[in-house]
Amino acid sequence: MASDPEGSPGFLLWHVTLRWQRDIARALAPFDLTHVQFVLLATAWWMNSHGEDPNQLSLARKAGTDVKMTSQVLRKLEDKGFLRREVDPADTRAKLLRVTDAGAELAQRTIAVVDEVDRAFFAASPEAAGLLRVLARRDE
């Protein structure tokens, strides 16, 4: 155990994450998107563009978000005209998510913006490749 917070990897990761989230939020502000709205819109767009029409649960799993929170955020994105929910013909209780043309255009624009923020933020790491390997590990 570290003798002080500055020597704790978890504490340092927490602060790095906060800095990164502030940078992302600042970059997304001109698009009137929160970070979680961006993540869900971009993930839905990616899934749609790869032939998948996810429902709320599969989108939440792919994005790593809470299902109930996902529902609330999807409602906001739907209200903004960036996606629509359609009844799943195979299960009328479920809704399939389809990104609208406006949502697809916004997703692609904001993905480019977020990618640039990521490049700038992580450029300071001389071990970026190793860091990406660590970050790519997920609990499935």
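1. Buried means a relative accessible area under 20%, exposed means over 50%, and partly exposed covers what lies in between. In this predicted model, Arg-98 has a relative accessible area of 23% and is therefore partly exposed. Glu-86, at 24% relative accessibility, is likewise counted as partly exposed.

2. On the overall architecture, the protein chain contains six helices and two strands, and their order along the sequence reads α-α-α-α-β-β-α-α. Of the 140 residues in the protein chain, 27% are buried, and the accessible surface amounts to about 9300 Å², with 56% of that area belonging to carbon and sulfur atoms. Among the contacts in the protein chain with a separation of 6 or more, 49% are accounted for by residues 24 or more positions apart.

3. The two strands deserve a point of their own. Strand S1, residues 83-88, and strand S2, residues 91-99, run antiparallel and are joined by six bridges. Together S1 and S2 form a hairpin, with two residues between them, and Asp-88 has Asp-91 as its bridge partner in S2.

4. The hairpin also carries a salt bridge, in which the side chains of Arg-98 and Glu-86 meet at 2.0 Å, taken from N to O. Because Arg-98 belongs to strand S2 and Glu-86 to strand S1, this pair ties together parts that are twelve residues apart in sequence. The two residues are also members of a network of salt bridges that links Asp-53, Arg-84, Glu-86 and Arg-98.

5. How many salt bridges does a search of the whole structure find? The search gives nine. One salt bridge is formed by Asp-32 and Lys-80, whose closest N and O atoms are 3.6 Å apart. Since Asp-32 sits in the loop between helix H1 (9-28) and helix H2 (35-49), while Lys-80 sits in the loop between helix H4 (67-79) and S1, the pair ties together parts that are 48 residues apart in sequence. As for the surroundings of this pair, Asp-32 is exposed, with a relative accessible area of 55%, whereas Lys-80 is partly exposed, with a relative accessible area of 31%.

6. A further salt bridge, between Arg-109 and Glu-105, has its closest N and O atoms 3.6 Å apart. Arg-109 and Glu-105 both lie in helix H5, residues 101-122, where they are four residues apart, or about one turn of the helix. Arg-109 is partly exposed at 43% relative accessibility, and Glu-105 is partly exposed at 41%.

7. On helix packing, the axes of helix H3 (residues 56-63) and H4 come within 9 Å and cross at roughly 110°. That crossing angle makes H3 roughly perpendicular to H4, because angles of 65 to 115 degrees fall in that class. The contact involves Gln-56, Leu-57, Leu-59 and Ala-60 on the H3 side, and Val-67, Thr-70, Ser-71 and Leu-74 on the H4 side.

Definitions and conventions: Residues numbered from 1 in each chain as written. Predicted model: local features only at pLDDT ≥ 70, side-chain atom pairs only at ≥ 80, totals over all residues. Heavy atoms only, no water. Buried < 20%, exposed > 50% of the residue type's maximum accessible area, 1.4 Å probe, protein only. Contact = heavy atoms within 4.5 Å. Areas by Shrake-Rupley, 256 points an atom, 1.4 Å probe, with all protein chains shown as cover. Pairing = 2+ DSSP bridges. Salt bridge = Lys/Arg side-chain N within 4 Å of Asp/Glu carboxyl O. Axes fitted to C-alpha atoms, helices over the stretch in contact; angles between N-to-C directions. Parallel < 35°, antiparallel > 145°, perpendicular 65-115°, else oblique.
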